[in-house]
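Here is a walk through one protein chain, taken a piece at a time. Keep the view open as you read.

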Amino acid sequence: MCGIIGYVGMRDAKKALISGLQTLEYRGYDSAGIAYFTEDKIKTVKTVGKVSCLKEKVANEAGSDVTNCGIGHTRWATHGGVSDTNSHPHTAGRVTLIHNGIIENYKELQDELAEAGKYPVSQTDTEIAAMVIDHCYKGDPEAAIRMAISKLEGAYGFCILFSDIPDTIYAVRNGSPLVAAHTEKGSIIASDMVALVSYTKHYFVLKEGHIAKMTSNDILVKDENGEIFSPYIHHISWDMAAAKKGGYDYFMMKEIHEQPEALRNTIRPRMVGGLPDFSADEVGDELFTDINRIIITACGTAMHAGLIGRNMIERLCRIPVTVEIASEFRYQNPIMDEHTLLITISQSGETADTLAALRLAKERGSRTLSVVNVKGSSIARESDYVLYTHAGPEIAVASTKAYSVQVSVMYLIAFRIALVTGKISEDEAQNYMTALMSTVDQVEEALGYDAQIENISKRIAKSESIFFIGRGIDHALSCEGSLKLKEISYIHSEAYAAGELKHGTISLITDNVPVIAVVTQPDVFAKMISNVQEVRSRGARVILITGADATVDAALCDHQVVLPETDPLFSPFVSAVVLQYLAYYVAVEKGLNVDQPRNLAKSVTVE
């Protein structure tokens, strides 16, 4: 997830681009760059660091350059490390472009280009896209773009300059968002409406496969058939104060809604020929052979992702897995050797306890694999192997999209290990991958449950204690739902394996105590219903979350949330949206600051 902007008009394009990138910086802050037309060429200025670093470099290098057309980018690194060379914009021949998204088949395209004697200078998939467009360019930019995107697989939002077509920006997208507007000040396009608000409150969304040609006079859009298309004009109802949140009241809600994009960006690059594949991450299959134990260690939300990972790995791979709280791990004198694989999970890659656990594992000779969201972070640098999640920056303290993508990587790891060790066939692996990608559509559908969950939340917001129950994978998810609720609503909340209720916890169930029961797994459905009846008979207010095909007595619960039809194995992705909404709306009902809960920080970098 990166921030991209293009401007052509009456204003100084350099200033317009820098200003736009500053508003988009929440989408990425590894590096930044701009490219713009001068009298005789396209000039590019880019640098590692925040937009403030770019602004200083532009002032020093661009000086008095006069330009009214250019493109800009602020990067959240995915392919290739954080460096000036890997920063955007990228140039290949007559093409200069910026990119938000991930090109899945860039390695295959890179090999094809090599056969033609063309080689990239960076490590990025974006430069490969620029090279493909340039390779297709014979003087007609639209034809070149059409031909190029027919070869590209993945998600992309491109803004493109052709050196021989001055003061013109071309744009096209697939998956990744692009919004644009033409005003009396010129034409502007960006990955987020936040960059448009200072120009206008009227905009359009560029449709997938449509090509926009932008000049200072107008924006001409053509559809897939090359026919002129008149896009529908939307109206922004919020002001600049809310702009960075995309019109949402809080970043947490915005990030809940960004989960489908984050999931696709994380899963797609690891799906090659329909199979789970980590070759682009340089994680070889030798990592997963000759291991007799896996330890997953993490803190908080990341640890809960690990709980689901344990369930999946043991279920498919038949390898024993333990999940350890990182802050306790070192002090237990854990048993590890060269046949142990330690998997660490951390959004920031800087979590102190998790980093300490990683270092201990390396001292003991164990193999280490880390799942992190930030390139160049300490855990990423020190781990033997890294799988990056592609959630983009997460601003709210309560993790939502970072959790979902961590879970998706744990599924991918389970699929790959099972395939490598012969526990599943290629056909089975392809079926699992297809189901995983299809689940993202159900996540999008679950985003439409907000009104229902808001209504439920109002009925439990004054509770002093709330309990979550589930079995198996639903219990693992319940742990995360409970944490999410307590950290932003300040309501005492606990998650229990439902079968443990009668071993003590049920004494806490009294009239109107809310119990959130997650019941999505057919193999334990009858057992869960029995547990729900136990708390119901003691006066609990039951909120039941079930699969689409579940049949329950209406008297069993106060509220039933029926999830979109989803393979039960993948239900945590969909259930997570419901539990995130629940925590969010309870906190809002209580008038709390959802994004910045008391006493908490986004990243815990000390023990």
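**Sheet, helix pair and crossover**

Start with the open sheet. This is a predicted model. Its 6 strands run in the order β5-β6-β7-β8-β12-β13, and they pair in the antiparallel sense. Where are the edges? They are β5 (90–92) and β13 (219–222). Each has a single partner strand, so one side of each lacks a neighbour in the sheet. Neighbouring strands are turned against each other by 25 degrees on average, direction ignored. Strands of a sheet pair through backbone hydrogen bonds.

Look at the β5 edge. Here β5 and β6 (residues 95–103) pair in the antiparallel sense over 3 bridges. Histidine 90 stands opposite leucine 97 in β6. Helix α4 (residues 125–136) lies across β5, β6 and β7 (154–162). It runs at about 130 degrees to β6.

Now turn to a helix pair. Helix α1 (residues 13–24) packs on helix α2 (residues 51–61) at an angle of about 165 degrees, and their axes are 10 Å apart. Angles over 145 degrees count as roughly antiparallel, so α1 is roughly antiparallel to α2. Their crossing is left-handed. Which residues meet? From α1 come Lys14, Ile18, Leu21 and Gln22; from α2 come Val51, Leu54, Lys55 and Val58. By class, this contact has 5 nonpolar, 1 polar and 2 charged residues.

Finish further along the chain. Strand β22 (residues 465–470) pairs with strand β23 (residues 492–497) in the parallel sense, over 6 bridges. Serine 465 has histidine 492 in β23 as its bridge partner. Together with helix α15 (residues 473–489), β22 and β23 make a right-handed β-α-β unit.

Notes: Residues are numbered from 1 along each chain as its sequence is written. This is a predicted model: local features need pLDDT of at least 70, side-chain atom pairs count only at pLDDT 80 or more; totals for chains, interfaces and linings use all residues. Side-chain values use heavy atoms; hydrogens and water are left out. Two strands pair if DSSP finds at least two bridges between them. Helices (H or I, at least four residues) and strands (E, at least two) are DSSP runs, numbered from the N terminus. A crossover is right-handed if, with the strands pointing away from the viewer, the path from the first strand over the helix to the second runs clockwise. Axes are lines fitted to C-alpha atoms, for helices over the stretch in contact, and angles run from 0 to 180 degrees between N-to-C directions. Angles under 35 degrees count as roughly parallel, over 145 as roughly antiparallel, 65 to 115 as roughly perpendicular and the rest as oblique. A crossing is left-handed if the near helix is turned anticlockwise from the far one by less than a right angle, and right-handed if clockwise. Contact means heavy atoms within 4.5 Å. Ala, Val, Leu, Ile, Met, Phe, Trp, Tyr, Cys and Pro count as nonpolar, Asp, Glu, Lys and Arg as charged, and the others, Gly among them, as polar.
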